[in-house]
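Me: I'm new to this one and I'd like a close look at a single part of it. Could you walk me through how the pieces of the first chain sit together, and then follow that out to its partner?

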Amino acid sequence: MLTLLLLFIPLIASPLCAVISRDKVKYFALVVSLLQLAAIVYAFTLFKSDIANQFGVNYWWIQSLGIAFKAGFDGISILMVALTNFLIPLIILSSFRNENENPKAFYGLILFMQFALVGVFTALDGFLFYVFWELALIPIYFICLMWGGKDKVRITLKFFIYTLAGSLLMLVGLIYLYLQTPGIHTFDIQSFYNVTLTPEAQGWLFWAFFIAFAIKIPIFPLHTWQPDTYTDAPTQGTMLLSGIMLKMGLYGMIRWMLPIVPIGINEWGHFAMILCVISIVYSSLMAFVQKDFKRLIAYSSIAHVGLIAAGILSLNIQGLQGAMIQMLSHGVNVVGMFFIVDIIQRKMKTRNLAELGGLANNSPIFTILFMIVLLASIALPLTNGFVGEFLLLNGIYQYNAWIAACAGLTVILGSVYMLRAYQAIMLGEPNAKYTEFTGLSKIEKIILVSIVSVIFITGIYPKPIFMVAQPALEDILVHIKDIY
Amino acid sequence: MIQLAWLIPLFPLLGFLVIGMLNKRLPVSLSGAIASLSVFLSFVVSVIIFNEIHQVGSVPERILMFDWINVGDLNIPFSFLIDRLSVIMLLVITGVGFLIHVYSIGYMQHEQDHSRFFSYLNLFIFFMLLLVLGANYIVMFAGWEGVGLCSYLLIGFWFKYTEYNNAAKKAFIMNRIGDLGFLLGIFLIYTTFGSVSYQEVFNAAKGFPDGDAAITAITLLLFVGAMGKSAQIPLYTWLPDAMAGPTPVSALIHAATMVTAGIYMVIRSNVLYTLAPYSSEIVAIVGLVTAVFAATIGLKQNDIKKVLAYSTVSQLGYMFVALGVGAYDTALFHVVMHAFFKALLFLGAGSVIHAMSGEQDIRYMGGLKKKLPITHITFLIGTLAIAGVFPFAGFFSKDEILSKVYAFSPFMFVVLMFTSALTAIYMFRLYWLTFYGSFRGTEQQRTHLHESPSSMTMPLIILALLSTIGGFLGMPEVFHVPHYFSEFLSSIIYRKAELTLPESSELMVMGGSLTMVVLIIIMTYNHYVKKAVMPETNEGELRGFQKVLSHKYYIDEIYSALITKPIDWLASFSYKRIELGVIDRIVNGSGYILNGISSLLRYVQTGSIGTYVFGMVIGIILLVALTMIH
């Protein structure tokens, strides 16, 4: 029942936004999202990590086609939903200062997005998963289209078509799997796990899924929609995309790809792994030359998620646990980073690195918080980024030492572009133009301090997260080990 | 009491938090006092623990704080290890660290942002203590990266100046290059031994044969990390630039403690290095080349801190030579002695700079002996110690390295002896030019000249005392008294290398080096004081090799041309030509093709996205279904 609650709170609240007055709707959205946060915290108190399908629901949806409304939680799902429900209140809060022309639609779409995301992370039926996957695209499409930057129509369309093309590939894969299920066909995930497939079928299914997920993540060379979209979208749109939505692709790899096509991964995984490593190094280099700080963070994000994807493909528990914790950490850190971009943009009216400088003179508190988020994103020990990056690289190392060495270049390259950007923005002579930038508002402090707290808590004591995820990830690995 | 060792890093961490939180509300004396007190408390606990460990039959103790990273069979507890190696490091870090904190109160008294300075300093001590206390490689790595961060923050402390910021960034990035090696080494340790905790790793390693390939690879990768942190060729160029930081920082981080972390790491892993003779040889060679290379650069530097910086690089090279030949205890002995006299020299230099209103160029100093009597005497002691004059600290530790190296390879000994000569030359050049002759600064500087306050001179005096008597902890064998240091450490050294010279040879080494240094002192005195030869003030006057030396062999320029610029070029090339020129064009191109088709179909469609999606989904379902039916 808890699953239904988590799905329906945002679903019901979303249209309600239309009937609430313009200046109240943001508070309404915040309260709803905090309710969601409370619900997931409550779920944790009941959660037993070693039971697979908890708080589950299972109703026939279209019985004749074997489609069920089947959803539930295991360790992976609950962490992903926790990430979603932790970030959405912060994202809503971050928009409080915005002068929004149409706040009712804006908050309604964010809450609808939350509904779809919770659905993606809990669905246990292939068709349901696909429906939620596509539903998540609709609100973000409108958020980018209505509140985006100058070139929003072209860029948003590109983003939409690109991801849609990917998900259609996934749909083909899901339907193929459906038709392979023995007896009366079904979209149930357990049947998908148990289906026997020829190696050739696994090979092309692997590519269908991998391309669909790789577009979402994104991985080189399917990434070019991402920098444009992230840069052009409104801050909250970028946060939703980078913080939560791209994790749909990584989550999909773990839940819907690894256990279903292990032979396909065995056959083609090296190739995909190399693409991930190219993605890491290549997008780090792209980040070197960006003048727009928001675009720089967009590229750095490609590098970070490329490492997560490589960790998943390493097919060992360290890689998977690293991927799990890094999905959470990256979500938190990148939202923090884009919020910092937003603060700079709002106060300085520019994000161009060449025009900024010397902000450290203006506000010590902003300087410290920015520094900590930066350190987390370059994986300094005792921050959340280190735990994930260490486990990911360790997992990849066990897969192949040379690939790990190449992927490890992110350790060096990340510090180069991040410190360059930090220096360009924060350090140097005080700038007379920016005298109005003094300190942070209360809301800005709440958001950044929440993020920084999570950075340290996860970095110093990640054990609870490992314990929640461990049995579920082992279940995933069992399906792979069976094959070998 | 040993179980309370977690207090040692806790005090500086609290100091950091308190000073950081109160920040501008604290007056300089108070933020300095809190910072110094926290380190002093750590020092007291360290002394008590040292006394316990010192007792005969004491065993290493592990203290578990909490489980940090537990995944599968990878088990990384956040735990500390107290043994004879870590307590020595603890005493050096907290002891010398405390003196430098006290000194900083005087040195930074006119600094607006003193709270930020002292909080960083405390944070540094915290991470440094973590580094030496960790009971596994990951906790060491946490401290290792943490001190790198503090080094970054403190080099760029005066962040208004672009040059300083660049130096800070360079230090961090170069260290990160090393850190990647370290990290890969840790992964290989885990895959080879199934653990990253020292005790398990070393016990397992003892079952491996000498020259095992995996251990050789591990030790080489770890050494890459050590090269970065301890500024060895090719990753040394950050250290001279790091002198941009306030002088107490140079003394604490870039001379006495952080830069010796690489040496600590090798000593800690001596079981592995003993089993990897090939790696050890590389360690020795890199150390040797660095020692002589940096010493030659030191000859032509005119910035008082730069001379000392190159000297540090060179002395670290000495220590790596000692490690490479298997004399781990000797290397640590030199680490400790070097911490005394190099901290002393840097703080002395700081006192000089303080008196000279910020001037760092020795060409504009001279004759400071009378105006700065305490600074002068203590600096002289430091110079004698580093040059290796009996009975100062450096004499014993350096002589021990020399004789061990002689037993290992006479050729290396000759090179190292030559380096000793260079060391004496550049140090006495520095000393004579600064304290003797006539004053060459501006009139304004002359009237301002003054001895530093007692908060600065007291640490100088204490360090001078330690640099004078410290060496007696490790008496050469010819004196037939126990080598206290080596005996204390014997339990942590896996297999002691047989590197004893016959008494006559050892006496010869000692006598030879001593005579050489005395001759150099006389010669440099004649040159710089009697003849009053000054370094060229005009770069153009330098010719040939001198010019190469004064430009530090153009290494920075070479790195820039061979590494930095090509990577930046590659990045902007791929952005313009590949990212925008190829990939994005293909993507957009296929979009246009679709666009063309859809514009034809537009007449039969409503044009809404929803309809398109619906149509596509239905179409694909139909197609798949059709193929299945047939």
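Reply: Happy to. One thing to keep in mind from the start: this is a predicted model.

Let's begin inside chain A. The domain assignment splits chain A into domain 1, residues 1-260, and domain 2, residues 263-484. Taken over C-alpha atoms, the centres of domain 1 of chain A and domain 2 of chain A lie 21 Å apart. Where they touch, domain 1 of chain A puts in 53 residues and domain 2 of chain A puts in 56 residues. Between them, the two domains of chain A bury about 4,800 Å², and 79% of that is on carbon and sulfur atoms.

What about specific links between the domains? There's one salt bridge between domain 1 of chain A and domain 2 of chain A. The side chains of A:Asp228 and A:Arg295 meet in a salt bridge, with 3.2 Å from N to O. Polar contacts between domain 1 of chain A and domain 2 of chain A come to 11 residue pairs, both residues being at pLDDT 80 or more.

Now look at who does the touching on the domain 1 side. Four helices of chain A each give two or more residues to it: H3 (75-94), H8 (199-216), H9 (225-232) and H10 (235-257). The largest share comes from H10(A), with 13 residues. Sorted by class, this side of domain 1 of chain A holds 35 nonpolar, 12 polar and six charged residues.

Let's zoom in on H10 of chain A, since A:Leu246 is found there. Is A:Leu246 buried or exposed? A:Leu246 has a relative accessible area of 1%, so it counts as buried, the cut-off being under 20%. What does A:Leu246 touch, once its neighbours within four places in sequence are left aside? The list is A:Lys216, A:Ile217, A:Tyr230, A:Leu241, A:Ser301, A:Val305 and A:His330. By contrast, here's a pair with a gap: A:Leu246 and A:Ile274 are 28 residues apart along the chain, and 20 Å separate their C-alpha atoms.

Next, step out to the partner chain. Here 71 residues of chain A are in contact with 60 residues of chain B. Chain A and chain B bury about 5,700 Å² between them, 75% of it on carbon and sulfur atoms. In chain A, the residues that lose the most area to chain B are A:Phe390, A:Tyr397 and A:Gln423, which together make up 11% of what that side buries.

The interface of chain A and chain B has three salt bridges. A:Arg420 forms a salt bridge with B:Asp568, where the closest N and O atoms are 3.1 Å apart. Across that interface there are also 16 residue pairs in polar contact, both at pLDDT 80 or more. On the side of chain A that touches chain B, helix H6 of chain A (residues 152-180) gives the largest share, 12 residues. By class, that side of chain A has 50 nonpolar, 14 polar and seven charged residues.

One last stop, over in chain B. Helix H10 of chain B (residues 247-256) has 10 of its 10 residues buried, so it is largely enclosed by the rest of the structure. Among those buried residues of H10(B) are B:Thr247, B:Pro248, B:Leu252 and B:His254. The cover over them includes helices H3 (84-107), H4 (114-133), H5 (137-155), H9 (238-241), H14 (304-324) and H15 (328-355) of chain B.

Note on methods: Residues are numbered from 1 along each chain as its sequence is written. Chains are lettered from A and ligands numbered from 1 in the order in which they are written. This is a predicted model: local features need pLDDT of at least 70, side-chain atom pairs count only at pLDDT 80 or more; totals for chains, interfaces and linings use all residues. Side-chain values use heavy atoms; hydrogens and water are left out. Domain bounds come from an automatic or database domain assignment. Contact means heavy atoms within 4.5 Å. Buried area is the accessible area (1.4 Å probe) that two parts lose on being put together, summed over both. A salt bridge is a side-chain nitrogen of Lys or Arg within 4 Å of a carboxyl oxygen of Asp or Glu. A polar contact is a pair of N or O atoms within 3.5 Å; within protein, one must be able to donate a hydrogen and the other to accept it, and residues adjacent in sequence count only if both atoms are side-chain atoms. Ala, Val, Leu, Ile, Met, Phe, Trp, Tyr, Cys and Pro count as nonpolar, Asp, Glu, Lys and Arg as charged, and the others, Gly among them, as polar. Buried means under 20% relative accessible area, exposed over 50%, partly exposed in between (1.4 Å probe, protein chains only).
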